[in-house]
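Biologist: I should be grateful for a close look at the second largest pocket of this structure. Please begin with the disulfides, and then describe the pocket and the loops in one connected account.

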Amino acid sequence: MTHPFATRQIPFFLTASTPCPYLPGKMERKVFTRIEPGEGPALNDNLTHAGFRRSQSVLYRPACEACDACKSVRIDTNTFEWSRKWRKLIKKNRDLTLCTDNNVATAEQYELMTRYLASRHHDGDMVGMSFGEFVMMIEEGAQRTHVAEYRDPAGQLIACALTDVLKDGISLIYSFFDPDLARRSLGSYVILDAIRQAAALGLPHVYLGYWVSGSRKMEYKAKFQPLQVLTPAGWTGFDTLDIDEDTDFNG
């Protein structure tokens with residue numbers, strides 16, 4: 001009998017309850033495990049497919065009591081609807097250049113993320129992150145991971161996406177961009193470009209993490225149709241939601 005990971009039993013842990021960052025008045029808990037050297041790619045592939053997310057060297061998923069609002073969602077690159085709106089956005093940013101060769105943190109990336117957080121998430125947990133913590137976010141636990149860097153014609157770095165390449169798709173771990181370039185809709189553009197990257201690699205999915213019903217922070221994900229959601233019966237289609245079309249990707 002084959003086994004996808006090392007032969008040792010994989011330990012899982014449960015966090016204490018803390019206030020939910022998405023739904024006021026709710027408490028959250030997570031189940032998690034650590035990525036050990038040598039087993040990262042297989043563990044990351046299989047647990048992402050099962051609804052986990054990677055953060056540094058940890059893979060986690062919600063395990064909240066009396067709440068299952070967090071839903072793992074992914075885009076099917078083969079059936080994604082390239083609407084006129086999305087084609088226009090791709091055209092608007094056709095002057096950008098993309099580099100996916102980098103898998104280390106840089107001061108340039110850190111400065112961009114600091115400005116992004118101050119503008120878009122000034123009350124979030126990541127505000128005040130040190131450069132050392134940023135390096136850990138980018139480099140620790142990396143498995144088939146790169147930082148997609150987007151530059152304007154002048155060579156200025158204006159968007160980044162920390163990305164895992166899985167056996168069946170691309171997982172967008174965290175994205176940030178120049179908050180002063182709202183006209184470019186860079187958050188949405190990064191997702192669209194990930195769809196193009198996945199398709200070029202012959203990968204059928206782009207994993208977006210969690211969608212939370214009732215959370216404005218997460219509703220942008222439902223714009224990318226057709227979307228798939230993980231249910232107890234497996235991955236299935238997700239109906240289009242009534243959302244604000246102007247909501248952009250916030251990382």
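Modeller: The structure, which is a predicted model, holds zero disulfides. Cysteine 64 shows how this conclusion is reached for one residue: the nearest cysteine sulfur belongs to cysteine 67 and is 5.6 Å away. A disulfide requires the two sulfur atoms to be within 2.5 Å, so a pair at 5.6 Å does not count as one. Cysteine 64 has a relative accessibility of 21%, and is therefore classed as partly exposed, given that buried means under 20%. Cysteine 160, by contrast, has a relative accessibility of 0% and so counts as buried.

Let us turn to the pocket itself. The second largest pocket holds about 340 Å³ of space. Its lining is made up of 20 residues, and those closest to the centre are Arg61, Pro62, Asp68, Cys70 and Lys71. By chemical class, the lining has 13 nonpolar residues, two polar residues and five charged residues. Cysteine and proline count as nonpolar, whereas arginine, aspartate and lysine count as charged.

Which strands supply the lining? At least two residues each come from strand E3 (27–28), strand E6 (58–62), strand E7 (70–76) and strand E13 (227–231). The greatest contribution is that of E7, which gives three residues to the lining.

Two of these strands lead to loops that deserve attention. Strand E13 is preceded by a loop that begins after strand E12 (205–212), and proline 226 has its place in this loop. The peptide bond between glutamine 225 and proline 226 is cis, with an omega of about -5 degrees. Most peptide bonds, in general, are trans.

Strand E6 is reached from strand E5 (53–55) through a loop that contains glutamine 56. The phi of glutamine 56 is near 55 degrees, a positive value in a residue that is not glycine. Glutamine 56 has a relative accessible area of 24%, so this residue is partly exposed.

A further positive phi is found at serine 185, with a value of about 50 degrees, although this residue is not a glycine. Serine 185 is located in the loop that connects strand E11 (169–177) to helix H5 (186–200). With a relative accessible area of 24%, serine 185 is also partly exposed. As a general rule, most residues other than glycine have a negative phi.

Terms used. Residues are numbered from 1 along each chain as its sequence is written. This is a predicted model: local features need pLDDT of at least 70, side-chain atom pairs count only at pLDDT 80 or more; totals for chains, interfaces and linings use all residues. Side-chain values use heavy atoms; hydrogens and water are left out. On a 1 Å grid over the protein atoms alone, a cavity is a set of points where a 1.4 Å probe fits but cannot get out, and a pocket is an open set with protein on both sides within 12 Å along at least five of seven lines; lining residues have an atom within 4 Å of a point. Grid points are joined across faces, edges and corners, and a volume is the space filled by probe spheres set on the points. Helices (H or I, at least four residues) and strands (E, at least two) are DSSP runs, numbered from the N terminus. Buried means under 20% relative accessible area, exposed over 50%, partly exposed in between (1.4 Å probe, protein chains only).
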